[in-house]
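User: I'd like to go through this model with you and ask why each label is used. Shall we start?

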Amino acid sequence: MAYQAIYRKWRPMVFDDVVGQTHVTRTLKNQIMNHKTAHAYLFCGTRGTGKTTAAKIFSRAVNCTNSKDGNPCNECDVCKGILDGSVLDVTEIDAASNNGVDDIRQIRDEVVYSASVAKYKIYIIDEVHMLSAGAFNALLKTLEEPPEHVIFILATTEVHKLPQTILSRCQRFDFKRIKVSDIVVRMKEIAYGDGFDVTDDALNMIATLADGSMRDGLSILERCLLASQDKLTADEVSQIMGGVNDDTLYKTVQAVIDSDTKTLININDSLFAAGSDMNSFINSLIKYCRDLMVCKVAPDIELDYNSDFVIKLKRQSEKISIEKISNMINVLSSAVSTAKWAPNVKIVYELALIKLTRTEFDVSYDALLDRVSTLEQQIKDGVTVKVEKNESVAETSKQPEAERAEEKPEKNFSVTKPFKKGELTADNVIVKAAKSWAKILGALETVPGGVPVYAQIFRKKITIDAEGIVILFEENEQTSKQIVSLPMNLNNIKKAVKRVTGNALEVKAVFEKDVDDIIDFNAIASDNESANESAETAPVKTDSVKTDSVKPDPAASAVDTVPAGEGTDAQEAADAYEDAPLPDVDDYDIREDDFDDGIDPLDNVIARAAQITEIEE
Amino acid sequence: MPNTIADLNKRISDKKCTGLFVFYGEEDALKTHKINTIKKQLLDEVTQDFNFIKFEGNNINTDAVTDAFESYPVMAEYKMVLFKDTGIFKSAKQDIKTFFESRFKDIPDYLCVIFDEKEIDKRSSLYKSACKTGMELEFKYLTDTELAAWVQRIFSEHKLIIDKKDAVYLVNVCEPGMNSIKQELDKLLNYSKDVVTKSDIDTVVSKSLQMVVFDLTEAIMQNNKAKAFEILEGLKTIKTEPFKLLYLIFSTFEKILLAKLVLDERGTVSQVAARLKLSPYIARKYCDCSTRFSESFLKSAIVKCADIDMEIKTGKKNEWIALEQYIIHLLNI
């Protein structure tokens with residue numbers, strides 16, 4: 001015999017085999033036993049709940065010459081005839097394809113003749129909601145007063161599409177979704193009957209995937225059995241059916257809870273790269289949020305996930321507030337509607353996801369609610385302060401000293417521009433220029449209009465940065481700094497610099513306190529060896545500027561070599577550095593103090609709550 | 001003074017069933033039942049084929065009617081002509097009107113003429129002239145108590161016992177009309193053993209959507225979240241239209257609010273029933289609810305309904321998600 005799908009092979013043959021619909025089967029059996037059948041039945045319910053099966057069993061049971069307890073015997077001539085289709089008194093019509101008035105008229109013409117072999121003529125009209133309006137009207141007359149030997153059985157998944165006139169003429173039976181436990185029991189029977197080895201976990205998982213439909217359950221079982229080797233396990237089922245999806249959703253929501261934008265974007269990217277349909281992803285995310293929400297308000301309700309995942313889901317639902325979920329649904333839903341018109345769907349969804357982690361950018365009512373509830377939670381549970389800064393301090397201290405020393409000048413890029421590693425050698429034009437500062441000053445006197453500015457700077461300390469010469473002022477020398485800073489005066493100095501060194505260099509006037517690292521250019525050795533050494537250890541710094549640095553000293557500028565003990569040693573410079581307090585640590589202290597007071601978050605909540613009441617009013 | 005069913009029953013028991021009858025109203029089952037009783041009394045089964053003539057729909061062949069009226073009964077005392085859903089008492093062409101007016105004046109002794117109509121216009125001249133010569137009777141839906149008694153009687157005929165309270169409950173969960181109650185009764189008769197309990201009713205009977213929604217509001221009121229979602233899930237499974245559901249939720253809250261307002265002005269439950277056109281059983285339920293919800297809650301629930309409607313229709317949200325969010329919102333207040 002040709003291969004037959006499991007759900008067809010194992011279609012129940014008697015009422016007792018129909019699972020999870022005792023309220024229907026018991027009534028039907030009693031009706032048959034008491035010979036009190038109605039003339040029209042309406043079976044409604046979702047797919048795979050047993051409507052057609054029940055109709056088929058009923059058609060045999062009511063005609064069976066040897067029926068037991070209302071069940072058909074399936075062995076008498078009539079039963080056999082109906083089963084193999086040789087008895088024409090049972091007609092099955094697919095209303096989806098025979099939905100016209102003519103099809104129904106044909107039935108109307110036929111019903112007047114009595115049944116040939118069986119007791120009753122039975123018409124099973126499947127998917128009856130597909131009939132056209134005219135066909136319904138044609139059916140009405142027949143349904144209202146059919147001859148006594150005729151029984152109509154209408155089956156449909158969408159009962160709301162039937163006109164009231166049809167509904168009121170039929171005895172209606174609602175087929176319920178089949179419980180997971182019922183599906184498992186039936187599948188066990190089938191697996192045993194066919195000699196398959198399936199673990200209980202696997203059956204449970206399939207039953208949850210079946211979504212209350214026996215046919216779906218059996219189809220999934222069949223797919224898994226075909227793909228598996230010998231014993232079917234839960235792992236295999238999840239592999240075959242692709243249970244990964246739920247995990248992705250779980251991770252996404254977890255990232256939202258942790259405000260982890262990076263992970264969110266990564267998930268989004270990887271899905272996009274894998275060619276997944278972003279719309280369906282976001283829709284299932286919304287569905288997932290809905291499940292979370294349901295799980296939160298009604299933990300006892302049954303959800304369509306396997307038991308392990310439900311536990312995970314419940315745990316996650318405890319970590320997230322109802323306001324946050326609600327906000328998520330709102331943001332995602334509006335993203336879905338925006339995406340309908342957006343040319344680049346990915347960006348719309350990415351934005352929505354970012355919005356979820358960074359609620360501070362969103363001023364909508366729901367987002368505010370979400371934030372207030374987060375704060376409430378924080379007040380209730382206390383706040384865990386992340387001491388990331390501390391870690392970074394610990395990390396830096398592990399780094400080689402020299403590297404740290406190099407990082408330092410970057411802090412002050414606004415005032416002076418630091419040298420790149422290895423640039424600061426005695427051959428550098430800037431260093432050379434600085435060393436000949438006395439000559440420059442001399443030249444400045446001869447530049448037209450240079451005298452006034454010469455008067456302001458001839459006793460000033462200077463240093464260098466990557467762009468040129470930096471003239472340093474004390475804090476109380478505001479006026480002289482302003483005068484020097486005039487473009488005209490700076491230009492004059494630049495002219496003098498060019499005249500002496502032949503290079504166009506930048507000249508800046510700054511307060512000494514604004515410059516952290518005053519470079520002692522006199523200390524830079526001119527011979528190659530020491531130049532290399534200082535290049536390796538990066539800019540030479542001194543902790544006390546005033547003593548060591550840099551008076552425009554004609555003598556110093558004349559001598560190229562640096563006096564011994566003037567701090568060229570890298571180790572020494574680094575040591576000096578370590579003594580100085582680390583600004584990072586300072587920052588951290590301040591932060592901790594803030595939280596110790598506990599005022600900040602509380603104020604926030606009050607302010608936000610007030611804001612929200614205003615909105616509500 | 002309009003006729004009552006008792007008047008009709010008296011005529012039937014007095015065996016004075018000839019003449020003209022105009023039956024109308026929404027309770028089809030009772031109408032059909034009475035017509036069949038009359039038919040049984042006047043005609044015997046053997047000659048029924050000759051003496052029972054039925055006209056249906058608004059296409060009336062006046063010649064055929066004349067034949068039916070004027071020919072004598074065949075091998076019997078009486079003859080019966082039934083008109084079904086002709087609509088002549090609502091709107092009819094002038095010639096049809098004059099035809100029937102003249103016919104009504106002259107109905108022979110052996111003839112019983114019954115009109116079985118859905119709707120009539122009491123101001124129409126034809127109706128007035130029919131009233132003069134014949135008997136008009138409106139078949140309204142029966143009251144809860146009458147229906148419950150009927151249900152109890154049927155069950156006792158089948159040797160089943162049902163509590164009066166449960167009978168009232170059964171009558172109210174079904175779609176209105178004895179026809180639909182009868183269908184559900186048949187199911188129960190074949191399902192229950194000895195005693196019909198409330199849980200039997202809950203398992204077997206297909207409840208009307210209105211009642212399901214009421215259960216939902218009750219669950220919301222008791223803050224029974226699991227039950228609320230079970231109901232919602234059930235509705236989703238049978239693919240109820242979300243808008244229908246939304247409307248019913250809206251109207252339920254609206255009615256509870258109205259009941260509250262009536263009660264606040266020292267109204268009674270029966271006044272609520274009259275005002276809201278509800279059966280006393282349902283009205284009592286609404287009144288019970290109204291004491292447990294605050295006015296502001298009801299108002300906000302109603303307003304929010306409109307918001308959700310807007311959100312769904314502008315495509316901001318999926319219908320079911322929006323509904324579920326709404327229910328959760330109500331559960332969390």
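Analyst: Happily! Helices and strands here are DSSP runs (H or I over at least four residues for a helix, E over at least two for a strand), numbered from the N terminus. B:Lys277, for instance, lies in the loop between helix H14 (269-276) and helix H15 (280-292) of chain B. This is a predicted model, in which local features need pLDDT of at least 70 and side-chain atom pairs count only at pLDDT 80 or more, while totals for chains, interfaces and linings use all residues. Residues are numbered from 1 along each chain as its sequence is written, and chains are lettered from A and ligands numbered from 1 in the order in which they are written.

User: What makes B:Lys277 count as exposed?

Analyst: A residue is exposed with 12 or fewer other C-beta atoms within 10 Å of its own, buried with 20 or more and partly exposed in between, the C-beta atoms being placed from the backbone. B:Lys277 has 8 such neighbours inside 10 Å, so exposed is the right word. Its phi is also positive, near 55°, in a residue other than glycine.

User: And why is A:Ser259 called partly exposed?

Analyst: A:Ser259 has 13 other C-beta atoms within 10 Å, so it falls in the partly exposed class. This serine has a positive phi too, about 55°, although it is not a glycine. A:Ser259 belongs to the loop between helix H12 (244-257) and helix H13 (261-273) of chain A.

User: How much of each chain counts as buried?

Analyst: The share is 36% of the 617 residues of chain A, and 35% of the 333 residues of chain B. Chain A has 31 helices and 10 strands; chain B has 17 helices and seven strands.

User: Why are E2 and E5 of chain B said to stand at the edges?

Analyst: The open sheet of chain B has five strands in the order E2-E3-E4-E1-E5, paired in parallel. Strand E2 (52-56) and strand E5 (135-139) each have a single partner strand, so one side of each lacks a neighbour in the sheet. Neighbouring strands are turned by 15° against each other on average, direction ignored, with axes fitted to C-alpha atoms.

User: How do you know that E2(B) and E3(B) pair?

Analyst: Pairing requires at least two DSSP bridges, and E2(B) and strand E3 (residues 79-84) have five, in the parallel sense. In one of the bridges, B:Lys54 is matched with B:Leu82 of E3(B).

User: What makes the two chains touch, and how many residues take part?

Analyst: Contact means C-beta atoms, placed from the backbone, within 7 Å. By that rule, 29 residues of chain B are in contact with 32 residues of chain A. Helices H9 (178-191), H10 (198-204), H12 (225-237) and H17 (319-331) of chain B each supply at least two residues of this side, with H9(B) giving the largest share, seven residues.

User: Which residues have the most contacts inside the largest nonpolar core?

Analyst: A nonpolar core joins buried Ala, Val, Leu, Ile, Met, Phe, Trp, Tyr and Cys residues through C-beta atoms within 7 Å. The largest has 136 residues, and those with the most contacts inside it are A:Phe43, A:Phe152, A:Ile153, A:Ile206 and A:Leu332. Helix H14 (residues 278-297) of chain A gives the most to this core, with 10 residues. Leaving out residues up to four places away in sequence, A:Ile206 touches several residues, including A:Met187, A:Ile220 and A:Val237. Another core, of 47 residues, lies apart from it and includes B:Val168 and B:Ile201.

Terms used:
Axes are lines fitted to C-alpha atoms, for helices over the stretch in contact, and angles run from 0 to 180 degrees between N-to-C directions.
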